[in-house]
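Reader: I'm new to reading protein models, and I'd love a close look at a single part of this one. Could you pick a strand and walk me through what surrounds it?

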Amino acid sequence: MGDLGPGAGDEGAQAAYRPRRSVLYMPASNERALEKAKTLPVDALILDLEDAVAPDAKVQARENACAAARSGEYGPREVTIRINGSGTQWHDEDLAAACAAGPDAVVVPKVESAQEVRELVAAMEAAGAPARTSLWAMVETPAAMLHCEEIAVASERLTVLVMGTNDLAKELQAEHVPGRQPLLTGLGLCLLAARATGTVILDGVYNDVRDAEGFAAECLQARQLGFDGKTLVHPGQVEPCNAVFAPSPEAVEEAKGILRAWEDGAGAGVVTYGGRMIESLHVDTARRVLTVHEAVSGSTSTS
């Protein structure tokens, strides 16, 4: 449950906030893509050994991803490796190699239970994963939705939940439609679990890279629902996603104004700002806005 999102509760948690507005999947079999990733204004990378890599390219992709994680050439970008899932022929070697490389996190698909989390963490520790390497669990099945809180609290090493919306839609026999109505129950259950446990949660991908308007709408929906960021499948999605998940100038100014009013009204029975009554919950929200703003303003991902 470490590495909390903004608004996790106390000032220490907010100080530890790390932006994950844009989290881009990159096929680790594509060396040109891995090189390009060093220049992208992205908060985090998922170097993929799973869906984006053909079976005959798995071994080379593993070597490429581990070399990239060791390189130190990705600046402030968080570098993670998505391994093949439990039960596949590549899983054990992927996990061992990724742990030896020491990325920021190992991303594991189709995690469905607290017991699976504990087994993964035990395997990471046995493989010598450094303390800095956390576990990101992909939740993408009905079973995962129904047990998401148990998954989130199963280990301190698990820091991020990643929604797998394509697989969830498949499992539900649901259609991909604007507004994602068929998926909202699952998304909501996982959001509740994330916020109840202080775990970062990332929205799933938007498949149609040509549909800029639809992508922007889904980013906005994800932010409004409460996600910390969104996973992406194309470099062209990075900057629009960053913009949506960063506080607007208007929101920043309002947050500053709320904090000034609160400080000026210390000891007063009623504090108002812009004609509205201000309570401590509004102050907490304002502080969260400024925490995110300060973090993303100081990163290369806003350049």
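Author:

**A close look at strand β3**

Let's start with a unit you can trace by eye: β3, helix α4 (residues 91–101) and β4 together form a right-handed β-α-β unit. Keep in mind that this is a predicted model. Its pLDDT averages 91 over the chain, and 92% of the residues score at least 70. One stretch to treat with care is residues 7–15, where pLDDT stays under 50. For that stretch the model has eight contacts beyond four places in sequence.

Now zoom in on β3 itself, which covers residues 78–82. Is this strand mostly covered or mostly open? Mostly covered: five of its five residues are buried. Look at which way the residues point. E78, T80 and R82 go one way from β3, while V79 and I81 go the other way, and all of them are buried. That fits a general pattern: in a regular strand, side chains alternate between the two faces of the sheet.

Next, the neighbours. On one side is strand β2 (residues 44–48), which runs parallel to β3 and is joined to it by five bridges. If you want one pair to find on screen, try L45, whose bridge partner in β3 is V79. To get from β2 to β3, the chain passes through helix α3 (residues 58–71), and this β-α-β crossover is right-handed.

The other partner is β4, which also runs parallel to β3, with three bridges joining them. Here the pair to look for is T80, which stands opposite A105 in β4. The route from β3 to β4 goes by way of helix α4, in the right-handed unit we began with.

Zoom out a little and you'll see where β3 belongs. Eight strands make a closed barrel, in the order β1-β2-β3-β4-β5-β6-β7-β8, with parallel pairing. From one strand to the next, the twist averages 25°.

Let's stay with helix α4 for a moment, since A101 is found there. A101 is buried, with a relative accessible area of 9%. What does A101 touch, leaving aside neighbours within four places in sequence? Its contacts are C66, A69 and R70. There's also a link in space to A129: the C-alpha atoms of A101 and A129 are separated by 8.1 Å, though the two residues are 28 apart along the chain.

C66 comes up again when we ask about disulfides. How many does the model have? The count comes to zero. Take C99: the closest cysteine sulfur is in C66, and because it is 9.4 Å away, it is too far for a bond. C99 is also buried, at a relative accessible area of 1%. C241 is in no disulfide either, and its nearest cysteine sulfur, that of C219, is 4.1 Å away. C241 counts as buried too, with 0% relative accessibility.

Just past β4 there's a small oddity to look at. K110 is in the loop between β4 (105–108) and α5 (114–126). Its phi is near 50°, a positive value in a residue other than glycine. That catches the eye because most residues other than glycine have a negative phi. K110 is partly exposed, with a relative accessible area of 32%. R180 also has a positive phi, about 55°, although it is not a glycine. R180 is found in the loop between α8 (165–172) and α9 (184–197), and it is buried, with a relative accessible area of 5%.

Finally, here's another strand to hold up beside β3. Strand β6 (residues 158–163) is mostly covered, with six of its six residues buried. Five bridges join it to strand β5 (residues 134–139), and β5 and β6 run parallel. Two pairs to find there are W136 with V160 and V139 with M163. Towards strand β7 (residues 200–203), β6 has three bridges, again in a parallel arrangement. V160 turns up once more here, standing opposite V200 in β7. Outside these two strands you can also look for helix α10 (residues 212–225), which lies across β7 and β8 (229–232) and runs at about 145° to β8.

Note on methods
Residues are numbered from 1 along each chain as its sequence is written. This is a predicted model: local features need pLDDT of at least 70, side-chain atom pairs count only at pLDDT 80 or more; totals for chains, interfaces and linings use all residues. Side-chain values use heavy atoms; hydrogens and water are left out. Helices (H or I, at least four residues) and strands (E, at least two) are DSSP runs, numbered from the N terminus. Buried means under 20% relative accessible area, exposed over 50%, partly exposed in between (1.4 Å probe, protein chains only). Two strands pair if DSSP finds at least two bridges between them. A crossover is right-handed if, with the strands pointing away from the viewer, the path from the first strand over the helix to the second runs clockwise. Axes are lines fitted to C-alpha atoms, for helices over the stretch in contact, and angles run from 0 to 180 degrees between N-to-C directions. Contact means heavy atoms within 4.5 Å. pLDDT is the predictor's confidence in each residue, from 0 to 100. A disulfide is a pair of cysteine sulfur atoms within 2.5 Å.
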